[in-house]
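Here's a quick tour for anyone meeting this structure for the first time. Have a look at the model, then read on.

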Amino acid sequence: MKPLPFLLRTPTLRWKPIVARCGASALLAVAALPASPLHAEPQPPPLDEARVTLPYGELLRLVGEARAPHEKIPPVRCALLNADYRVSLAGKTGSPSTLRIEAAFLAENFTDEPVLLPVLPGNLAIHSEETPGQADQAPLLHQEGQLALLLRKAGRQTSKISFSPTEWKERDSGWEARFPGLPAASRTLRIEAVPDGWVLDVPGAALHSGPEGGVWQFQLPPGQSTVRLIAMKADEAPEAGSWSVRSEIFAEREDGILHFTAHVSAWPEQENPRQLVLRLPAGARQIEVAALPGKLEEWSAEIRTSTPDAQNPPKREVVIRRAPGAEGEWQFALRYQTPLDALAETWILLGPETDGNIFFLSQPAGVELRKADSDPANELPAPEVSALPDWLERKLTANEGTGRIRVFRGDTELALQASYLPAVKMEDLTVAQLTLSTRLARDGALFAEAAFDIEHRTVQPFAFTLPEGSQLVGASLQGKPVRILRREKEYEVLLPAVPSRQDSVSKLQVSYTGNLGPFDPVSGGLSLALHHGRHFTRQLRWTIHLPENYEAAGVESNAEVKAAAEPGAILLERSFAAGSAPAVEASVFYRRRGLAQNR
C-alpha cells in the first residue's frame, strides 16, 4: 500500500500530549495533531470523555451551595403605609409662598437588605429633616433625581420632612397651593391656625373634621399624586345657594347592569352663581360627568363624598364650578350604573337629588315591569320616538331602536316589580339530513358510513350514538380528521362556528363496524334499529346493502320503503317532527337470489 502524498512530506509524526489547567487543579489532556498542508482550520478536541479533578474542599463547597435553601424574595420589597401632612396658616393666609408642609412618613421594608423608597421629587425645596438618630428612623437621600427614604433593615421606619409647595397662585379673594402626595394606604392633611372668616377646600378629598378651633382635617384619596389646597375668604367663597334642578334619565339593561344617562338642567335663584352641589344616587357606580355642547363653559367638575353629621350619613355628590362671568346654561350629563341580577324581582331606578326626575326606561322583551303599589311615582303615556327629548331621540336612532319605552315621573328612587315571561325553546342545532349506508356480509359483519349535515351558528358540542356492540373506526369533519370524545353511551365532537349564511353547515362523517349474526343459507330475517342521537333531524335516508346473492323478500319499517338503484339494496326514508329523535326500525326478510325461480 502506497503512503499518501501529504504523509510523505511529514515523515515523522509524533503525538504530544498538551496539559491545560481548568478550575482548581483540573487536568485536561488532548492530543496535538499535525498541521495539514491544506491549511484547514484546526477542530477543537472532543470533550465527551474529558475528566475534571477537584480538591475535596472545593467539592464540599459546591455540594453545600447546591443543598442550601434559597431565600424567597418577597413580591414587594417595601411600601409606604402612611403619609400624614400638616400645614399651619399662622400669619400666612396672604402669602402662600411661605407655607411649610410637614410630612410624616411610615414605611416598611420587607427584606433584610437596605432599600430606597422614593417619596418626593428631587427638585423640591427641603427646609428640614428630622435627624435619624434611632434605628427605626429613615434618612432622606437624593437618588436619580428623586428624594428617597433609606430603609436600612427589615421592619417599619419613620421619617419627618418639611418642604415648600411646588407651585402656588393667587385666586379671587384667596390662593391655591399644590404639593406632591405619594400614594399610600392612608393619607391625611391637617391644616392648623386657620383664621376666622376663611374656608378651605381640597378637591378630591373628604373633610374628616373641622372647622373646630381653626383646625381642618381632610382624608386624602390613596392614589392622588398632587394635593391641591385652596383657601378663600368666607364671604367670597362660592356657595351652592338655591337652585331649581331637574333631570331626564334614560335607563337600559345590558349584561346584568342597569346603565343610566341623566341630562341635568339647573336654574340658579341668585345672580352669577359659581358653584352647584348635586347629591348623586346612593349605590351608583362608575360615575362620569360630561358637559353638553354649548351648555356649560369654563367649568370644572369634582366628585366627592359629603361630610357626615348626626342627621345625614356621608353621600356622594358632584360639585360643578364655573369661572366668574362664564356664560351659558347650567346643563350637563351624568352617567352611572348599578348591578342588576338576571332574574331580579325588583328593578330600582336611581336619580340624583333634584326637584323632579323623569325616567325613560327601555323595557326589554320577555320582562313585564309594573310600578310597586307603595311607590308614589306616576307613569306617563309612552310618547313616540319623535316626541322624546332631542338627545334621547338621537341616542335611540343611533342604536337603531330599542325596547319598549316606559316613562315615569318620580323622585330619586323608583321601584318596579319584574315578572319574566317563559322563553320559547328553540333548536340551536339541527341535523338537516342524515345519510346512512349499511353493508352486510354473509357472516353477519356490517360496515356502516353515516354523514350528518348539521346546521348551527356557534361553537358547540354535537352528540351521536351508535348501535349497541358497534365499533367506531373513523371520523372526519369538513373532510378533515377530527377528535371524537366518548361520554358513556354517546360520542361527542366539538363543532366550530360557521358563517351566518343559510347554506352553511358542518359535515360530519363517521364509520363503524358491527355484527348481526350469520345469514341463513336459504332464507331468513333480521332486525335493524337506528337511533343516531338526540338532536332534531329533519330528513333521514338509509340504504341497506344485503350480501351478494341475497335479495329482500319483504321489509317492514316505520320509515317509507323505496326502490333502491342498486340490486339487492333497500332504501328507507323518513322525515321527523321537531322534538323527535331520529329513530328508525326495520325488519328485513331475505332469501337467496334465484330461489323462487328454482322452485
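Thirty residues may sound like a lot to track, so start with the middle: the second largest pocket has 30 residues in its lining, and those nearest its centre are Glu248, Thr261, His263, Val264 and Trp391. Keep in mind that this is a predicted model. Several elements each give two or more residues to that lining, among them strand E17 (243-254), strand E18 (257-268) and helix H3 (390-398). E18 supplies the largest share, with 7 residues. As for character, the lining splits into 11 nonpolar, 11 polar and 8 charged residues. The volume of this pocket comes to about 610 Å³.

Now for the surface. Val52, Leu54, Tyr56, Leu59, Leu60, Leu62 and Val63 make up a nonpolar patch there, and together they have about 640 Å² of accessible area. Val52 sits in the loop between strand E2 (26-32) and helix H2 (56-67). Its relative accessibility is 59%, so Val52 counts as exposed.

Then there are the salt bridges, 17 of them in the structure. Here are three:

| Pair | Closest N to O |
|---|---|
| Arg178 and Glu176 | 2.8 Å |
| Glu317 and Arg279 | 3.3 Å |
| Glu492 and Arg487 | 3.1 Å |

Which parts of the chain does the Glu317 and Arg279 pair link? Distant ones: Glu317 is in strand E22 (residues 316-322) and Arg279 in strand E19 (residues 275-279), 38 residues apart. Glu317 is buried at 6% relative accessible area, while Arg279 is partly exposed at 25%. In the first pair of the table, Glu176 is buried at 1% and Arg178 is partly exposed at 24%.

Notes: Residues numbered from 1 in each chain as written. Predicted model: local features only at pLDDT ≥ 70, side-chain atom pairs only at ≥ 80, totals over all residues. Heavy atoms only, no water. 1 Å grid on protein atoms, 1.4 Å probe; cavity = no way out; pocket = protein on both sides within 12 Å on 5 of 7 lines; lining within 4 Å. Points joined across faces, edges and corners; volume = space filled by probe spheres on them. Helix = DSSP H or I, 4+ residues; strand = E, 2+ residues; numbered from the N terminus. Nonpolar A, V, L, I, M, F, W, Y, C, P; charged D, E, K, R; others polar. Patch = residues over 30% accessible without salt bridge, like charges linked within 9 Å, V, L, I, M, F, W, Y side chains within 5 Å. Areas by Shrake-Rupley, 256 points an atom, 1.4 Å probe, with all protein chains shown as cover. Salt bridge = Lys/Arg side-chain N within 4 Å of Asp/Glu carboxyl O. Buried < 20%, exposed > 50% of the residue type's maximum accessible area, 1.4 Å probe, protein only.
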